[in-house]
Amino acid sequence: MSRYLYLALVSLFVCAFFSLTSPAQVAKKAGDVAASGKQAVNLAKAGRCKEALPGLKRAAQHDADPALKRDAGFAGVRCAMTIGETESAIDFLRFLKREFPRDPDVLYLAVHTYSDLSTRASLELAMTAPASPEAHQLNAESLEVQGKWDEAEKEYRQILTQNPNRPGIHYRLGRILLSKPDFGPAMAEQAKGEFQQELAIDPSNAGAEYVLGALARQNQQWDEAIQHFSQAAKLDAGFGDAFLDLGMSLVTVKKYSEAIPPLETAVKLEPQNPTAHYNLAVAYRRGGRQTDAEREFAIHRKMTEQNAAPPGSSQENPN
Amino acid sequence: MGKRFAELKPCISRRVTDQMGCSRRQFLWTMAGSLAVSNLSRFAGALPDIVYPFDEVLASASGIHWSHSAGKSPEKYLPETTGAGCAFLDYDNDGWMDIYLVNSGKCDFLNPNPPLHNALYRNNRDGTFTDVTGKAGVAAGGYGQGIAVGDYDGDGFPDLYVTQYGRSILYHNNGDGTFTDVTEKAGVAAPGWSSSAVWFDYDNDGRLDLFVCRFVDFDQSKNRPCGAGGKPEYCIPRLYGPMASWLFHNNGDGTFSDVTKSSGIAKFPGKAWGVVAADVNNDGRMDLFVANDTLANFLFLNRGDGHYDQIADQAGVAYSAEGKARSGMGVDAADFNEDGWMDLFVANIDGEMYSIYQNNHDETFDDMALPSGIAKATKMMSGWGLKFFDYDNDGNLDLFLANGNPDDLIESLHPGVTYREPLMLFRNTGKAFQNVSEQSGPIFAKPLSARGMAVGDFDNDGALDVLVTVNDAAPLLLRNKVGALNHWLGVGLVGKKSNPDGIGASVTYQAGDLKRTRVKVGGGSYLSSHDPRLVLGIGKRVKIDWLEVTWPQPGGSKERFTDLPIDRYITIVEGQGKSK
């Protein structure tokens, strides 16, 4: 049964229940649900998950006893995962997060459940299509997370032997090169080449444009940086950092009037980013718009003061 | 001194990092670090082989056997890691630079036995020094931080203002080799935690006033137990409240008035370490650049009516390019690009890079740290004492930096950052700064917990020497070996209508094709005070065609001199129209 059908049926059931029954009957029915819910929880504890699940679902919807709802929710997630009913597990988890949003036990359970679901999906991909580019890519990403840069690189290169024009792979190879501990100027050039190849395959990759801009900025090649940041911002109108770094680069080369539009966009996209406000203030100030500058400086100052930890807030140096 | 590494990693697009996952967030940081390291060795030595610019003068040769003691405790009180300062001064007016060294001492968290004391060493004119502290009566004894030297009463003898954690001291120079503590009478005790101080004439009345940096709101009862990995650690200053610095007006009768409020300084509580007084907008009034730790720096612009405007954010010297407050410590001001406008420098903590601010002539500045290479070279460093001066007398202002991380646990927390750090030397070619540290001899490879740093020519050879104080260790006296390979003229300035020390005066000189202007700023560096004389380098040229002194207000006159000697010191007294 799909989640939506299930919820619809439950809703119909609840409506019918309240419209056709007297208060005494309601109390009796509630007592029945509570009893069956407890029984379902006990069944789940005993490992009889298939039998337990229907009762757990009913108990989870029962609004008289929060403790029972919570127990049923937890048992529901565990049972559904045990018998492979992943959709039900997700439903139970959503229910728990909605009803007990700040409960650490719920959040902990969510971490493990989603992690388990992710592992299962990975295994399914590995079993179903082990030689597929997707399987190689997943493996490469996993190796990246572990910091195994060389092995990850091999996996990505394997994908390129299968499909030299697969979008996203050169981009990821470029990032790996930038992440390696023995990174040096030569590797930066190599990484740059990967990002350029990525753009040859997929000219719409805003991330590749952005990183090329960042590399150029590191080398103080401002014209090139501005060109790449501009392109990244053009490709992705919601890419706040691209607008911000474009504006900052323009400020650096003293093109204050040109810096104002991208910085204004950055501020709109990321209104809580003090760096954006600061650079917009600088661009206004140097561009002769003193009143606007003072407004932005004031916003930045307020943000900076708020971010400064007041005395008494911490006993541990925030290293 | 208050950075924390994690929060300083360069900002990289969240969009990109989200795609990349947490473990890859640092890739540009790694990239930047690698570039910085690779860049350090690019500059070949500009000086002849083997002759290194500075040699260490050992205590056995100098006779300076005094050592700084921080009074380090298991509680790790913050002042333990911040001191102390030093000075070159000619206290007996014999024409030879003496040395003053500041020590820790008795305070609410320390009662050393035997007591600690500051030290005054008289220059014996032969490369050695004699400890005259007791006779001079300048031992202090409190928890010392810094020193500012200035002739506040115009009697021709330099007086001492010793900043302390607790209560600072004004020592009046009696002119007979002794000093008198006149703090109470003068009204300049500045209770609290004072750091750097500077003598300068803020109201152009011809008398030296006093600005005293104040650090955080701290005493033993407010000490906070901080730690890292279960070990006690020096707290970051962010955990303590800011305090306003002090401005004292010299009344001309041996007393001072506290004008902190009326001047507008009190409106800006900070966590001030370094200060330099200089006229950054060429309006004839002395401004103040103040480095704050974990707060925005201050640029107090002197508006001439006894009032200062704080314009650091508008001027572009308050924050990093990302708009983040950093851990400003040492500062200086100089016209390093010879365009007639004072530029600024501030040293920060590791991960933050130092800043060199070029004056745009409109009360704004551009940080040239990246294009100058200073950003990359200082990325992992923490800087305190620093000074622009022409160490090789080629006519260009070079830059000397004294470094050391304040956190003695830093190496276990952040690989790649060290507690003790080497000194750095940047040579100004006239077009760019070159990091010549690696080519400048073993002293620039020696790891130090350097703090204060003063510049002065203790052997009168025209080559400016350097004194570096080291936290909880002996100071380092460095003899300049290369300045005298070029020609020079040393100039002492004595104001008559203007303030006695000529703070704010400028000296323009022409030697053949070389025309330069040197401005006498107040203070600069960290907790330290410098040789008051200007040394004008002329390279291999053998003649100075003319020299013009522009005195600060209320004098304000220009005096031009010709027929000048070279390779010796002269004194120019305001209004006398001649050199002697």
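Trainee: What happens to phi at A:Gly84, just after α4(A)?

Mentor: At A:Gly84, phi turns positive, at about 80°. Helices here are DSSP runs of H or I with at least four residues, strands are runs of E with at least two, and both are numbered from the N terminus. Keep in mind that this is a predicted model, where local features need pLDDT of at least 70, side-chain atom pairs count only at pLDDT 80 or more, and totals for chains, interfaces and linings use all residues. Residues are numbered from 1 along each chain as its sequence is written, with chains lettered from A and ligands numbered from 1 in the order in which they are written.

Trainee: What span should helix α4 (residues 66-82) of chain A have?

Mentor: The expected span is 1.5 Å times one less than the number of residues. For the 17 residues of α4(A) that gives 24 Å, and the end C-alpha atoms are 24 Å apart, which agrees.

Trainee: Why call α4(A) largely enclosed by the rest of the structure?

Mentor: Buried means 20 or more other C-beta atoms within 10 Å of a residue's own, exposed means 12 or fewer, and partly exposed lies in between, with C-beta atoms placed from the backbone. In α4(A), 12 of the 17 residues are buried, so the helix counts as largely enclosed. Among them are A:Leu68, A:Phe74 and A:Met81. Across chain A, 38% of the 319 residues are buried.

Trainee: And which strand does β6(B) join by 7 bridges?

Mentor: Pairing takes at least two DSSP bridges between two strands. β6(B) runs antiparallel to strand β7 (residues 159-166) of chain B, and one bridge links B:Val149 with B:Leu160 in β7(B).
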